[in-house]
Amino acid sequence: MAGFSAMKPRVLVVEDEPDILGVVTSTLNKHEFDAVGAGEGELGWKMAAKVRPDVIILDVLLPDLDGLSLCEMFRRNPATASTPILMLTACATPQIREIAENAGASGFLTKPFTLRELVRHVRELASGAPMSAEA
């Protein structure tokens with residue numbers, strides 16, 4: 001996508017709630033990231049091929065293609081198989097966490113979250129460091 005800096009990590013945010021999508025992408029763009037957003041799973045899947053993100057942030061509950069299925073699709077795709085994936089959800093049950101881990105998620109952030117937590121987790125994932133526990 002035009003406008004991406006070669007120096008900044010690219011982040012694809014797939015989130016159907018417009019307010020959350022806007023806050024997450026603008027916050028990441030204010031820090032050391034180039035972030036773009038998609039409001040639904042299919043669009044996120046298509047954008048990943050163009051963006052070639054260094055980190056993917058997925059909402060678990062999306063209207064068209066749920067984030068867990070999309071996570072599995074990214075893991076099966078050679079272009080995104082090793083891309084860190086941070087799952088966002090308000091459904092923080094142990095079962096959802098286990099399903100997300102089995103789908104290939106690299107980390108999990110529960111809504112509501114602080115912007116500081118978000119930036120810290122994305123920074124860790126972009127650097128290749130293991131994600132620290134939620135605060």
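**Exercise 1. Pairing at one end of the sheet**

Determine in which sense strand 4 and strand 5 pair, and over how many bridges.

Solution.
Step 1. Strand 4 and strand 5 run parallel and are paired over four bridges. The model is a predicted one.
Step 2. One bridge can be named by its residues: Leu86 has Gly107 in strand 5 as its partner.
Step 3. Both faces of strand 5 are covered. Gly107 and Leu109 are buried on one side, Phe108 and Thr110 on the other.

**Exercise 2. Strand order and edges**

State the order of the five strands in the open sheet, and find which strands stand at the edges.

Solution.
Step 1. The order is 2-1-3-4-5, and the pairing is parallel.
Step 2. Strand 2 (34-38) and strand 5 (107-110) each have a single partner strand, so one side of each has no neighbour in the sheet. These two are the edge strands.
Step 3. On average, neighbouring strands are turned by 20 degrees against each other, direction ignored.
Step 4. Strand 2 is joined to strand 1 (residues 10-14) by five bridges, and the two run parallel. Val14 has Ala38 of strand 2 as its bridge partner.
Step 5. Helix 5 (residues 115-127) lies across strand 1, strand 3 (55-59), strand 4 (85-89) and strand 5. Its direction makes an angle of about 135 degrees with strand 3.

**Exercise 3. Salt bridges**

Find how many salt bridges the whole structure holds. Then examine the pairs of Arg10, Arg123 and Lys111.

Solution.
Step 1. The search finds five salt bridges. Side chains of opposite charge can pair when their charged atoms come close. The cut-off used is 4 Å from a side-chain nitrogen of Lys or Arg to a carboxyl oxygen of Asp or Glu.
Step 2. Arg10 pairs with Asp54, with 3.8 Å between the closest N and O atoms. Arg10 belongs to strand 1 and Asp54 to the loop between helix 2 (41-51) and strand 3, so the salt bridge ties together parts 44 residues apart in sequence. Arg10 is partly exposed at 21% relative accessible area, and Asp54 is partly exposed at 29%.
Step 3. Arg123 and Glu32 meet at 2.5 Å, N to O. Arg123 is in helix 5 and Glu32 in the loop between helix 1 (18-30) and strand 2, which places them 91 residues apart. Both fall in the partly exposed class: Arg123 has a relative accessible area of 38%, and Glu32 has 30%.
Step 4. Lys111 pairs with Asp59 at 3.3 Å between the closest N and O atoms. Lys111 sits in the loop between strand 5 and helix 5, Asp59 in strand 3, 52 residues apart. Both Lys111 and Asp59 are buried.
Step 5. Salt bridges also link Glu15, Asp59 and Lys111 in a network.

**Exercise 4. Helix 3 and the aromatic pair**

Identify the aromatic pair and classify its geometry. Then list what the buried residues of helix 3 pack against.

Solution.
Step 1. The structure holds one aromatic pair. Its members are Trp45 and Phe74, with 5.3 Å from centre to centre and 40 degrees between the planes.
Step 2. Planes under 30 degrees apart would count as stacked and over 60 as edge-to-face, so an angle between these limits is classed as tilted. The pair of Trp45 and Phe74 is therefore tilted.
Step 3. Trp45 is in helix 2 and Phe74 in helix 3 (residues 67-76), so the contact ties together parts 29 residues apart in sequence. Trp45 is partly exposed at 26% relative accessible area, whereas Phe74 is buried at 0%.
Step 4. In helix 3 the buried residues are Gly67, Leu68, Leu70, Cys71, Met73 and Phe74. They pack against strand 1, helix 2, strand 3, strand 4 and helix 4 (94-103).
Step 5. The N-terminal end of helix 3 is capped by Asp66, which has a side-chain oxygen 3.0 Å from the backbone nitrogen of Leu68.

**Exercise 5. Backbone exceptions**

Locate the cis peptide bond that leads to Pro112, and the loop that holds Arg52, a residue with positive phi.

Solution.
Step 1. Most residues other than glycine have a negative phi, and most peptide bonds are trans.
Step 2. The bond from Lys111 to Pro112 is cis, with omega near -5 degrees. Pro112 is in the loop between strand 5 and helix 5.
Step 3. Arg52 is not a glycine, yet its phi is positive, about 55 degrees. Arg52 lies in the loop between helix 2 and strand 3 and counts as exposed at 60% relative accessibility.

Note on methods
Residues are numbered from 1 along each chain as its sequence is written. This is a predicted model: local features need pLDDT of at least 70, side-chain atom pairs count only at pLDDT 80 or more; totals for chains, interfaces and linings use all residues. Side-chain values use heavy atoms; hydrogens and water are left out. Two strands pair if DSSP finds at least two bridges between them. Axes are lines fitted to C-alpha atoms, for helices over the stretch in contact, and angles run from 0 to 180 degrees between N-to-C directions. Contact means heavy atoms within 4.5 Å. Buried means under 20% relative accessible area, exposed over 50%, partly exposed in between (1.4 Å probe, protein chains only). Rings of Phe, Tyr and Trp (its six-membered ring) pair if their centres lie within 6.5 Å; planes under 30 degrees apart count as stacked, over 60 as edge-to-face and the rest as tilted. A polar contact is a pair of N or O atoms within 3.5 Å; within protein, one must be able to donate a hydrogen and the other to accept it, and residues adjacent in sequence count only if both atoms are side-chain atoms.
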